[in-house]
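Please open the model in a viewer and keep the selection tool at hand. The tour proceeds by selections, each followed by a description of what is found there.

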Amino acid sequence: MKSLQLTIRYDAIPEQELTGDDLRLVERAKAATQTSFSPYSHFRVGAAILLENGEIVSGSNQENASFTTGTCAERCAMFYANARYPDVAPVAIAIACYYGGSFTPEPGAPCGACRQVLSEVEHRYGRDLRVLLYGANHTYAFESMAELVPFQFNASNLE
Ligand code: THU
């Protein structure tokens, strides 16, 4: 038997140090929280996706009285991006959470279902998807979904 260990590399970036595309994307994710439909959880999530053509697509969590039919912000944004621009690779995603009148101090991480969807996108387009998890205290930045989800089930498992 061998005992193995994994290290996940990520940066913690204070808000005032966000620049360029990272800053633009985080601002769009923060704005998208305000389009959330979340009368049940009151937890507003916004996601913004930068495509390789420079376009930014955003989405938010959309809840439903039949709880399980709602969807998370990340999937809302990513499925829209893929449907609108099927041939354009997404290169980065930012996620922000707003609760009780302010942005959460700590970053919110994508749920398991969203991790699966975002991982498939990275695999499908063959490009790293940079992941920015915004929190008022700091934004966590991961170079790729593979960094966040090291063991993936994807199309290569079905070959
Ligand atoms: N939510 C997201 O939009 N993204 C996630 O990754 C985690 C959770 C939403 C789903 C639900 O509308 C609310 O946050 C509370 O779980």
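## Strand β4 and its partners

Begin by selecting strand β4, residues 90-99, in this predicted model. Nine of the 10 residues of β4 are buried, and the strand is thus mostly covered.

Keep β4 displayed and add strand β2, residues 43-51. The two strands pair in the antiparallel sense, and nine bridges join them. To follow the register, select Ala 48 and then Ala 94 of β4, which is its bridge partner. A further pair to mark is Leu 51 with its bridge partner in β4, Pro 90.

Next, add strand β6, residues 130-133. In which sense does β6 pair with β4, parallel or antiparallel? The pairing is parallel and extends over four bridges. Return to Ala 94 and select Leu 132, the bridge partner of Ala 94 in β6. Ala 94 therefore serves as a reference point for both pairings, since its bridge partners are Ala 48 and Leu 132.Now select strand β5, residues 102-103. β5 pairs with β4 in the antiparallel sense over two bridges. Within this pairing, Tyr 98 has Phe 103 of β5 as its bridge partner. Move to the turn of the hairpin that β4 and β5 form, where two residues lie between the strands. Select Gly 100 in this hairpin and inspect its backbone: phi is positive, near 60 degrees.

## Strand β2 and the hairpin with β3

Return to β2 and colour its residues by accessibility. How many of the nine residues of β2 are buried? Seven are, so β2 is largely enclosed by the rest of the structure.

Add strand β3, residues 56-60. β3 pairs with β2 in the antiparallel sense, with five bridges between the two strands. Select Gly 46 together with Ser 60, its bridge partner in β3. β2 and β3 form a hairpin with four residues between them. In the turn, select Gly 54, whose phi is positive at about 90 degrees.

## Three residues to visit

Select Asn 82, which is placed in helix α2, residues 73-84. Is Asn 82 buried or exposed? Its relative accessibility is 10%, so Asn 82 counts as buried. Display the residues around it: beyond its neighbours within four places in sequence, Asn 82 is in contact with Pro 90, Val 121, Arg 124 and Tyr 125. Pro 90 has already appeared on this tour, as the bridge partner of Leu 51 in β4.

Proceed to Tyr 10, which is found in the segment before β1 (11-13). With a relative accessibility of 42%, Tyr 10 counts as partly exposed. Which residues is Tyr 10 in contact with, leaving aside its neighbours within four places in sequence? They are Tyr 140, Ala 141 and Phe 142. For a distance, pick the C-alpha atoms of Tyr 10 and Ser 144: they are separated by 9.6 Å, while the two residues are 134 residues apart along the chain.

The next selection is Asp 21, located in helix α1, residues 20-32. Asp 21 has a relative accessible area of 41% and is partly exposed. Draw a distance from the C-alpha atom of Asp 21 to that of Asn 64; the value is 33 Å for residues 43 positions apart along the chain.

## The whole chain

Finally, clear the selections and show the whole chain as a cartoon. Four helices and seven strands are present. Followed along the sequence, they give the pattern β-α-β-β-α-β-β-α-β-β-α.

Turn to the overall dimensions. The C-alpha atoms fill a box of roughly 50 × 40 × 35 Å along the principal axes. A compact globule of 159 residues would have a radius of gyration near 15 Å, and the 16 Å of this chain agrees with that value.

Now switch to a surface representation. The chain exposes about 8,800 Å², of which carbon and sulfur atoms supply 52%. Buried residues make up 43% of the 159 residues. If contacts are drawn, 67% of those with a separation of 6 or more join residues 24 or more positions apart.

As a last step, colour the charged side chains. There are 12 positive and 18 negative charges, and the mean positions of the two sets are 3 Å apart.

How values were computed: Residues numbered from 1 in each chain as written. Predicted model: local features only at pLDDT ≥ 70, side-chain atom pairs only at ≥ 80, totals over all residues. Heavy atoms only, no water. Rg over C-alpha atoms; globule rule 2.2 N^0.38 Å. Buried < 20%, exposed > 50% of the residue type's maximum accessible area, 1.4 Å probe, protein only. Contact = heavy atoms within 4.5 Å. Areas by Shrake-Rupley, 256 points an atom, 1.4 Å probe, with all protein chains shown as cover. Lys, Arg positive; Asp, Glu negative; His and termini not counted. Charge placed at Lys NZ, Arg CZ, Asp CG, Glu CD. Pairing = 2+ DSSP bridges.
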